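Biologist: Hello! I am new to this one, so could you walk me through it?
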Amino acid sequence: MTQEEKQASVAGETAPGHAQPVQHKKASGRGGVVLGGIAIALTLGLTGWIYLHGHQQGNAQQAEIAALKSQLAGAIDSIGALKQTQSQDLTGWQTGQKQLQEEMQSLQGRVLDLNEKRPNDWLLAESEYLVRMAGRKLWLEHDLVSAVTLLANADERIKALNDPSLLPLRKALAEDIAKLKALPTLDREGLTLKLAALSDQIDLLPMNAVAMPEAITPADQQVSGQLDDWQNNLKKNWVNFTENFITIRRRDGAVEALLSPQQEIYLRENLKTKLLQAQLAVYREQQDLYADSLDKAQRWVKQYFNQDDSATRYVLGELAKLKDEQVKFDYPERFQTQAILEQVLNDRLQRILAGH
């Protein structure tokens, strides 16, 4: 027996005479059952809805998780591919570095081998450079002395090789040196300094004074004692008589007028200009201009300055010496050594390359 039945029994025993209150309580119990059923139904419906909603969200979450897993797998694959590519690139770079290092070692070995087998080939290259410098000195600067010196230095280096196969080269080099030595030597600096010194002497030269021609001495005017010479005696007496009043002297030759101070300044400056033109002609090797400038200077000194003075005689003597100087030379157009030396260097280079 339950607790509720016990309570109902107790209630019936204590109040047996009251029937209606018992029926009322039964009706109230049925309503509670109905309400409880409704509550249970609502609870079941709510539970089902919650289950259905949770199941849908679970499916959505599963789908989202599957998508994330797919993306993660793709990212992992991309990372793997990138690592593989980087690994391949690194391997290729390391291979390239290794090949480059091997080539450098091979090149160093060839250079060392070249130095061991033909150390004197560098002397040939240096000789070729000296020959080219000699040509530059000769054709561009007209420096004959330096050109001969450079060719001689090249010959010394070829001689040090002690190679009989280079005898034709030394022969050509000796011929080139002989041609240059056969040319007239000219000290350009010394020549221009002499011209400059003469230019400084121009202001010290004395000008010519007025030179009067010598008077013609009249014939003897003595009267003779011959009667047959009466006409000449009469003429002589007349001349002697007139000389006391007027004296006439005959002079043959032109009388040059003195130069004014301004003209004298112009003359001296023109003389200096001619000497300066001669200096420029020396460096430019203009033989005609050089000779013409000195010829005019010499003519003006003779014409306008006192030739009895020692300074004038010195200037005229120096001008005469300088006029005989040759300032223009016919240089060879090319050294025959150049072509032979280039051919020797090319042949040796080809043999070296073929041997490796």
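Modeller: Gladly, and let us begin with a pair in one helix. Arg-299 and Asp-295 sit four residues apart in helix α9, so about one helical turn separates them. Please keep in mind that this is a predicted model.

Biologist: How far apart, N to O, are the side chains of Arg-299 and Asp-295 in their salt bridge?
Modeller: Side chains of opposite charge can pair when their charged atoms come close. Arg-299 is partly exposed at 42% relative accessibility, and Asp-295 is partly exposed as well, at 31%. Their side chains meet in a salt bridge, and the N to O distance is 3.2 Å.

Biologist: In the salt bridge of Lys-321 and Glu-318, is Glu-318 buried or exposed?
Modeller: Both residues lie in helix α10, three residues apart, about one turn of the helix. Their side chains meet at 3.9 Å, N to O. Lys-321 counts as exposed at 55% relative accessibility. Glu-318 has a relative accessible area of 17%, and because buried means under 20%, Glu-318 is buried.

Biologist: How many salt bridges does a search of the whole structure find?
Modeller: Another example is Glu-141 with Lys-137, whose closest N and O atoms are 3.1 Å apart. There is also a network of salt bridges that links Asp-203, Glu-269 and Lys-272. For the whole structure, the search gives twelve.

Biologist: What is the pattern of the protein, read along the sequence?
Modeller: The protein has eleven helices and zero strands. Read along the sequence, the pattern is therefore written with helix symbols throughout: α-α-α-α-α-α-α-α-α-α-α.

Biologist: Which kind of aromatic pair do Trp-139 and Phe-335 form?
Modeller: The structure holds two aromatic pairs. For Trp-139 and Phe-335, the centres are 5.0 Å apart and the planes are at 35 degrees. Planes under 30 degrees apart count as stacked and over 60 as edge-to-face, so this pair falls under the remaining class: tilted.

Biologist: How many residues apart are Trp-139 and Phe-335?
Modeller: Trp-139 belongs to helix α3, while Phe-335 is in the loop between α10 and α11. Trp-139 is partly exposed at 33% relative accessible area, whereas Phe-335 is buried at 2%. The pair links distant parts of the chain, with a separation of 196 residues.

Biologist: At what angle are the planes of Phe-329 and Tyr-331?
Modeller: Phe-329 and Tyr-331 are both buried. The centres of their rings are 6.3 Å apart, and the pair is tilted. The angle between the planes is 55 degrees.

Biologist: With which side chain does the side chain of Glu-285 make a polar contact?
Modeller: Glu-285 is placed in the loop between α8 and α9, and at 9% relative accessibility Glu-285 counts as buried. Beyond its neighbours within four places in sequence, Glu-285 is in contact with residues including His-142, Phe-329 and Tyr-331. The polar contact, at 2.4 Å, is with the side chain of Arg-188.

Biologist: What separates the C-alpha atoms of Leu-124 and Leu-345?
Modeller: Leu-124 is in helix α3 and is buried, with a relative accessible area of 0%. Among the residues that Leu-124 touches are Leu-161, Leu-341 and Leu-345. Although Leu-124 and Leu-345 are 221 residues apart along the chain, the distance between their C-alpha atoms is 7.2 Å.

Biologist: How much accessible area does the nonpolar patch of Val-34, Leu-35, Ile-38 and Leu-42 have together?
Modeller: One of the patch residues, Ile-38, is found in helix α2. Ile-38 is partly exposed, with a relative accessible area of 45%. Together, the four residues of this surface patch have about 410 Å².

Technical notes. Residues numbered from 1 in each chain as written. Predicted model: local features only at pLDDT ≥ 70, side-chain atom pairs only at ≥ 80, totals over all residues. Heavy atoms only, no water. Phe/Tyr/Trp six-rings, centres within 6.5 Å; stacked < 30°, edge-to-face > 60°. Helix = DSSP H or I, 4+ residues; strand = E, 2+ residues; numbered from the N terminus. Buried < 20%, exposed > 50% of the residue type's maximum accessible area, 1.4 Å probe, protein only. Patch = residues over 30% accessible without salt bridge, like charges linked within 9 Å, V, L, I, M, F, W, Y side chains within 5 Å. Areas by Shrake-Rupley, 256 points an atom, 1.4 Å probe, with all protein chains shown as cover. Polar contact = N/O pair within 3.5 Å; in protein donor to acceptor, adjacent residues only side chain to side chain. Contact = heavy atoms within 4.5 Å.
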